[in-house]
2 protein chains.
Amino acid sequence: MASPKTSTPKGTRDFGPDEMVRRNYIFSSIKNIFARYGYLPLETPAMEKLSTLLGKYGEEGDKLLFKVLNSGDFLSKAGGSDISAMDRSRLVSIISEKGLKYDLTVPFARYVVQHRNEINFPFKRYQIQPVWRADRPQKGRYREFYQCDVDVIGSRSLLSELELIQIIDEVFAGLKIKVKIKINNRKILAGLSEIMGQADKMMAITMAIDKIEKTGLDAVCRELAENDIPAEAIEKLKPVLSFKGDNREKLLLLKKLFKESATGLEGCDEISRLMEYVAGVNINSGLELDLSLARGLNYYTGAIIEVVVVDFEIGSVCGGGRYDDLTGIFGLKDISGVGVSFGADRIYDVMLSLDLFPSGLLSSTKLMFVNFGKEESLYCLKLLEEIRGAGIAAEIYPDVAKMKKQMSYADRKQVKYVALVGLEEIEKGIISLKDMETGEQESLSMAQLLAKFSNIP
Amino acid sequence: MASPKTSTPKGTRDFGPDEMVRRNYIFSSIKNIFARYGYLPLETPAMEKLSTLLGKYGEEGDKLLFKVLNSGDFLSKAGGSDISAMDRSRLVSIISEKGLKYDLTVPFARYVVQHRNEINFPFKRYQIQPVWRADRPQKGRYREFYQCDVDVIGSRSLLSELELIQIIDEVFAGLKIKVKIKINNRKILAGLSEIMGQADKMMAITMAIDKIEKTGLDAVCRELAENDIPAEAIEKLKPVLSFKGDNREKLLLLKKLFKESATGLEGCDEISRLMEYVAGVNINSGLELDLSLARGLNYYTGAIIEVVVVDFEIGSVCGGGRYDDLTGIFGLKDISGVGVSFGADRIYDVMLSLDLFPSGLLSSTKLMFVNFGKEESLYCLKLLEEIRGAGIAAEIYPDVAKMKKQMSYADRKQVKYVALVGLEEIEKGIISLKDMETGEQESLSMAQLLAKFSNIP
């Protein structure tokens, strides 16, 4: 029944109770871990000034911003000019000054600059909020979706990188998703550009390498050639990208290559020190130095991290890195930070596909009283008070409906126990309790019932 | 430092960690109670089609909708027509098809109609999400603010009204806010209009009565006169609005008046039955039948509810009522529902003013390790693993900074305990634990430390 009047805008979704309890399961698992590592919550508004957002995501990103019309008589600002003759961007700049946020990172940078005198640095914050992109909707890509970011800002310590790796490891272990954590360092990529004699083309090289997972080594080399990287330079890169070996062997290869690149050696040193930290703690997930890992976004300057699910095709479920100058775009220099973002929608899809959600998430109600009539329900209200007072989620069916209808309601709501309290039970002071799964029925006193439920998780 | 580049749009706010932990405290208290009564979570998108929103909130409401520009070349739809010559609403209809949601109620009605074949009726849902209104911002009024709605839809039972009153009572008792719950019934207001001989002017009468709290009885009477209500009709209403007495006395007065009004008597009957239910359970808050309570929004058809804080001026902190035809606007008739909405911002302000937030909300981190250097921090990482494994939120200061700086960080983050583990402690296998409140310091083994924290809530 998707009549045009009763549907959501293209690329947006309702989250009904089934989806909500599953999404809340993911978010609360993640939040608990963030809190255990000392991260604090933050929220910024849905709308930001366009002056905050524009120019931060490249030309393509600017086009994908949802722009909000100025309220009131927005056309008066155009004065007498002929707006029909204006091009789109000129008109937009007159009639719109706000946009929906495109990610959590730029508003976070704006927040840090705006509130820098109140913030307790190093600032460890997490942020779980929706963002909006006017992308063409397709399977798994929405125009409104949640991001789940965790960052430390105001410290250059590699302990922060370690902490994020520990958090990633705990999050996915908690959700029972087996993952591999891939790391690299932008300084290694810079070093590779240097030894190729193409230091000035580091961004183009990074963007090309970024696609290796999807398109393969040959396509990357073609793209590099198209960007005027000489063939002999590309030949220097190839063995690095295709090198097979463990993390230690990769670092040895790089250290040999980087004799002439201080930046490259610095990247190797950071990776080595991070590996030393990692070796000192318990990490369940595989951790792989992946020299072809690039991550497109250009504000990363140090470590980069990407998490993929083992034996499941879905792309990365978490990613991030260190940025040395994120707040520079708002005039605050020299604030280094590092952060990762969890892809809630993909994590949801993985868990649904692999059947990883615990059963009974929907059954918030543990016990439902059948409604036999006014007198009975007045009696049941007293019982309900006592039961809820003991912290047990319980309800009474609101209407005096047919038994079948009431039972079907309980069944669809995954309520495990139904209480039948008619005149006979009232007289005897008992509760007939029916187990909806086994069909078994037993007569209990209130004390027995409370005892029974105190043993149910 | 509110440089124009680093501020949020007018009427919107950042919620930093201090505000977030307090807001989360309110929301999680409320959610726990909703869940204990069997309500399930729902979320709808920030944007709705304008066809869903327009015409649902009156002319004023339509003007207060935030409209989102169509993406792509939105002007092409205007064809060759001279858009400079168009009036605003004509142009808007061409360049914008979506808006930010204005409340949670209309999107909920849209959801119910769209998903009616999947919903398990009676549908008990709660929804806590931001809404947007292009209102003039002022103290306590924002352009982005959270609503917190709880509704039962698909039942006419008064047990639902009772349940909402129980929930209201528990919510405010839990937050330690003393409130009075005022109730009335739209059928009583309809009955009053009937006995005034002005049944067709019920809405105008309701809207006038709605202002009595703010402007007083005389102003209400003047407004009624301006709406062409005859003086003798107004005289009939006056004694009802100014009647002093308890709930029982008020009902007696009404029953006498309503000899000629079946609707009025029905309203009295509903109130009496609800009162009977209420008498059967434990309600801490005062419950008052307030015959001047009207609630402006015109979709209410039965019970109306409003909650005010005792001895604190802030307006209502919760309100709602029964609506018999909310989904009718989307073509689905005869679905009755009842719901209330909690005013999160006002509740926040009350709690802050009356100092009702528990202390230590911000101190998610229970224990911080001072960072003495690389060797020490490697050792501390192992301890941290064990401590976090026991469910205790803990962190290590990421940098090897001066002691004063590290202590100041812990202090501002309201961390109660700081662990000092230098080379001496490592050698002895102990942890020096400093209580940041008392300044006391003690030496503990890991087992002793874990035991100590297991006794801290």
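Two strands count as paired if DSSP finds at least two bridges between them. With that in hand, the sheet in chain A of this predicted model can be walked through strand by strand.

The sheet is an open one with 8 strands, and its pairing is mixed. Reading across chain A, the strands come in the order β1-β5-β6-β11-β10-β9-β7-β8. Its two edges are β1 (40-41) and β8 (286-289) of chain A, each of which has a pairing partner on one side only. Further in, strand β9 (residues 303-309) of chain A sits alongside strand β10 (residues 316-323) of chain A, and these two pair in the antiparallel sense over 5 bridges. To pick out a single residue here, A:E306 has A:G319 in β10(A) as its bridge partner.

There is also a helix on this sheet. Helix α14 (residues 344-353) of chain A lies across four strands of chain A, namely β6 (144-153), β9, β10 and β11 (337-342). Relative to β10(A), helix α14 of chain A runs at about 150°.

Now for the place where the chains meet. On one side, 109 residues of chain B take part, in contact with 108 residues of chain A. The size of an interface is often given as the accessible area lost when the parts come together. Between chain B and chain A that buried area is about 9,300 Å², with carbon and sulfur atoms giving 58% of it. Within chain B, the residues that lose the most area to chain A are B:R36, B:E43 and B:R388, yet together they make up 7% of what that side buries.

What about charges and polar groups? Between chain B and chain A there are 8 salt bridges, along with 36 residue pairs in polar contact. On the chain B side, helix α15 (residues 374-389) of chain B supplies the largest share of the residues touching chain A, with 7 residues. Sorted by type, that side of chain B splits into 51 nonpolar, 29 polar and 29 charged residues.

One of the salt bridges links A:E163 to B:R388, where the closest N and O atoms are 3.8 Å apart. B:R388 has come up already, as one of the residues of chain B that lose the most area to chain A.

Counted over all chains, the structure holds 60 salt bridges. Among them is the one in which the side chains of B:E276 and A:K374 meet, at 2.8 Å from N to O. B:E276 lies in helix α13 (residues 262-279) of chain B and A:K374 in helix α15 (residues 374-389) of chain A, so this pair joins two chains.

Terms used:
Residues numbered from 1 in each chain as written. Chains lettered and ligands numbered in written order. Predicted model: local features only at pLDDT ≥ 70, side-chain atom pairs only at ≥ 80, totals over all residues. Heavy atoms only, no water. Contact = heavy atoms within 4.5 Å. Axes fitted to C-alpha atoms, helices over the stretch in contact; angles between N-to-C directions. Buried area = accessible area lost by both parts, 1.4 Å probe. Salt bridge = Lys/Arg side-chain N within 4 Å of Asp/Glu carboxyl O. Polar contact = N/O pair within 3.5 Å; in protein donor to acceptor, adjacent residues only side chain to side chain. Nonpolar A, V, L, I, M, F, W, Y, C, P; charged D, E, K, R; others polar.
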